[in-house]
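Colleague: I have a model open and do not know where to begin. Can we go through it feature by feature?

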Amino acid sequence: MLSNTKYKKLTEALIFLLIFFLVFIPLGNAMGLKNMLNTIMQTSYRLLIDTCFFLMAICVISGALGKLLVEFGVVDMLEKLLRPLMKPIFNLPGVAALGAVMTFLSDNPAIIALAKDKSFARYFKKYQLVSLTNFGTAFGMGLIVIAFMAGLGFGGGALVGLLGAVCGCIISTRLMQHFTLKSFPEYDSPVEIDELMTEDQIKLEEVKRESNFIRALNSILDGGKTGVDLGFAIIPGVLIISTAVMIMTFGPNVETGVYTGAAYEGVKILPFLASKISIVFEWLFGFTQAELVAFPITALGAVGAALGLMPEFISQGFIDNNAVAVCTAIGMCWSGFLSTHTAMLDSLGYRHLISKAILAHTIGGLSAGIIAHFAWVIIAM
């Protein structure tokens, strides 16, 4: 007879194969095996070139800027000025506001470039440091999303969406902290000094400082180097998860209506499933068209790709200010978190908390959309 361990492994293997074939057989049947494999490779390649290297550039620039702000005392100033606001709302040190600003101007991984900085991280307890992945992600690409929506002529809806995203950020960040402390009460403690630098080392670094020019130059180079390391760290998550989401969200070639094996093609499995419970989305988000569900589903993998859906939605007459408010809130709050959360927590050394972060942020993003919808309803009344 099989032992319990061998039986468990055999069961896991069979379940995995069942799920694997249930996903890929329908895809291969609809697209053709050759086209499906080509699409997977082409989509991964385009994500690497167009997305991963773009994110790496963001990490390098934000890492350099963050190091400069730390070196010249801006971080300390923010900590003192914003502490009364950040602590009661997000349960984070005031210095975390810097991360919100940088991710709003760039993208999610910018927060990790700061979190990895020793002088920045020493303000946080462990559970707070971990929750930065949720906090920063909720503001990721915020400026781009709002500017894009406003450029389409829906500025009012975009601003209401920003309000919803902030509320979703509060919910996601607080939930992540709650989940972490519930499972790991020992994380309610400052990050160990030996993980960062001792007070003597900090003083020694201050003694070694030279001219302002040298300090700035060293900060830029050190911060940029950290950004390169983080840029490489996020590549696996972006390529694997985003490719999986996209191939189950998009349809065949837009121009020809047939599968060609090009990047970003797929089978609309996720929108189909969402359409079966469209009444839920209509009540929660005010969506009158099931196709609009494609936006939040796509935003799970990449909010930039989700924004690309908007012109077609407008041409079909699906979009109004309520839809823009909801899409802005969810797009900002989620901003492709499925493709970055894993790599971000892994780079911080807290891979075992990935499931908690994803659950908290899923709830936060949905809450952001619901709040944006009802806020717009109140405004419209």
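Modeller: Let us begin in a loop. Tyr-264 sits in the loop between helix H12 (235–247) and helix H13 (269–275). Keep in mind that this is a predicted model.

Colleague: Is Tyr-264 buried, exposed or partly exposed?

Modeller: Use the cut-offs. Buried means under 20% relative accessible area, and exposed means over 50%. Tyr-264 has a relative accessible area of 32%, so it is partly exposed.

Colleague: What is the phi of Tyr-264?

Modeller: Start with the general idea. Most residues other than glycine have a negative phi. Phi of Tyr-264 is near 70°, a positive value. Asn-91 also has a positive phi, near 55°.

Colleague: Where is Asn-91 found?

Modeller: In the loop between helix H3 (74–90) and helix H4 (96–105). Asn-91 has 13% relative accessibility, so it counts as buried.

Colleague: Which side chain has a polar atom 2.9 Å from the backbone oxygen of Asn-91?

Modeller: That of Gln-128. Gln-128 belongs to helix H7 (residues 126–137). Its relative accessibility is 4%, so Gln-128 counts as buried.

Colleague: Which residues does Gln-128 touch, not counting those up to four places away in sequence?

Modeller: Lys-87, Asn-91, Leu-92, Pro-93, Tyr-123 and Gln-177. So Asn-91 appears in this list as well.

Colleague: Let us try a serine. Where is the place of Ser-219?

Modeller: Ser-219 is in helix H11 (residues 212–233). Its relative accessible area is 3%, so Ser-219 is buried. A polar atom of its side chain lies 2.8 Å from the backbone oxygen of Arg-215. Leaving out residues up to four places away in sequence, Ser-219 touches Ala-64, Lys-67, Leu-68 and Glu-71.

Colleague: Leu-217 lies in H11 too. Is Leu-217 buried or partly exposed?

Modeller: Leu-217 counts as partly exposed, because its relative accessibility is 37%.

Colleague: How do I read distance along the chain against distance in space?

Modeller: Take both values for one pair. Leu-217 and Trp-283 are 66 residues apart along the chain, and 54 Å separates their C-alpha atoms. Tyr-45 and Gly-349 are 304 residues apart along the chain, with C-alpha atoms separated by 27 Å. Tyr-45 is in helix H2 (residues 33–71). At 45% relative accessibility, Tyr-45 is partly exposed.

Colleague: Can you show me an exposed residue?

Modeller: Glu-255 counts as exposed, because its relative accessibility is 79%. Glu-255 is in the loop between H12 and H13. Its C-alpha atom is separated by 49 Å from that of Met-86, 169 residues apart along the chain.

Colleague: Now the interior. How many residues does the largest nonpolar core have?

Modeller: The largest nonpolar core has 98 residues. Leu-132, Phe-135, Met-149 and Phe-313 have the most contacts inside it. Helix H18 (residues 321–334) gives the most to this core, with ten residues. Apart from this core lies another, of six residues, including Met-31, Met-36, Ile-40 and Ile-247.

Colleague: What is Phe-135 in contact with?

Modeller: Leave aside its neighbours within four places in sequence. Phe-135 is then in contact with Met-86, Phe-90, Leu-92, Ala-96, Ala-100, Cys-169 and Thr-173.

Colleague: And Phe-139: where is it found?

Modeller: In the loop between H7 and helix H8 (142–151). Phe-139 has 10% relative accessibility, so it counts as buried. Not counting residues up to four places away in sequence, Phe-139 touches Ala-100, Thr-103, Phe-104, Val-166, Cys-169 and Met-332. Phe-139 and Ser-275 are 136 residues apart in sequence and 28 Å apart in space, C-alpha to C-alpha.

Colleague: Last, the pockets. How much space lies in the second largest pocket?

Modeller: About 710 Å³. The lining of this second largest pocket has 23 residues. Phe-250, Gly-251, Val-254, Lys-268 and Leu-309 lie nearest its centre.

Colleague: Which helices supply at least two residues each to that lining?

Modeller: Helix H16 (303–307) and helix H17 (310–315) each do.

Colleague: How do the lining residues of the second largest pocket divide?

Modeller: Into 13 nonpolar, six polar and four charged.

Note on methods. Residues numbered from 1 in each chain as written. Predicted model: local features only at pLDDT ≥ 70, side-chain atom pairs only at ≥ 80, totals over all residues. Heavy atoms only, no water. Core = buried A, V, L, I, M, F, W, Y, C linked by side-chain atoms within 4.5 Å. Buried < 20%, exposed > 50% of the residue type's maximum accessible area, 1.4 Å probe, protein only. Helix = DSSP H or I, 4+ residues; strand = E, 2+ residues; numbered from the N terminus. Contact = heavy atoms within 4.5 Å. 1 Å grid on protein atoms, 1.4 Å probe; cavity = no way out; pocket = protein on both sides within 12 Å on 5 of 7 lines; lining within 4 Å. Points joined across faces, edges and corners; volume = space filled by probe spheres on them. Nonpolar A, V, L, I, M, F, W, Y, C, P; charged D, E, K, R; others polar. Polar contact = N/O pair within 3.5 Å; in protein donor to acceptor, adjacent residues only side chain to side chain.
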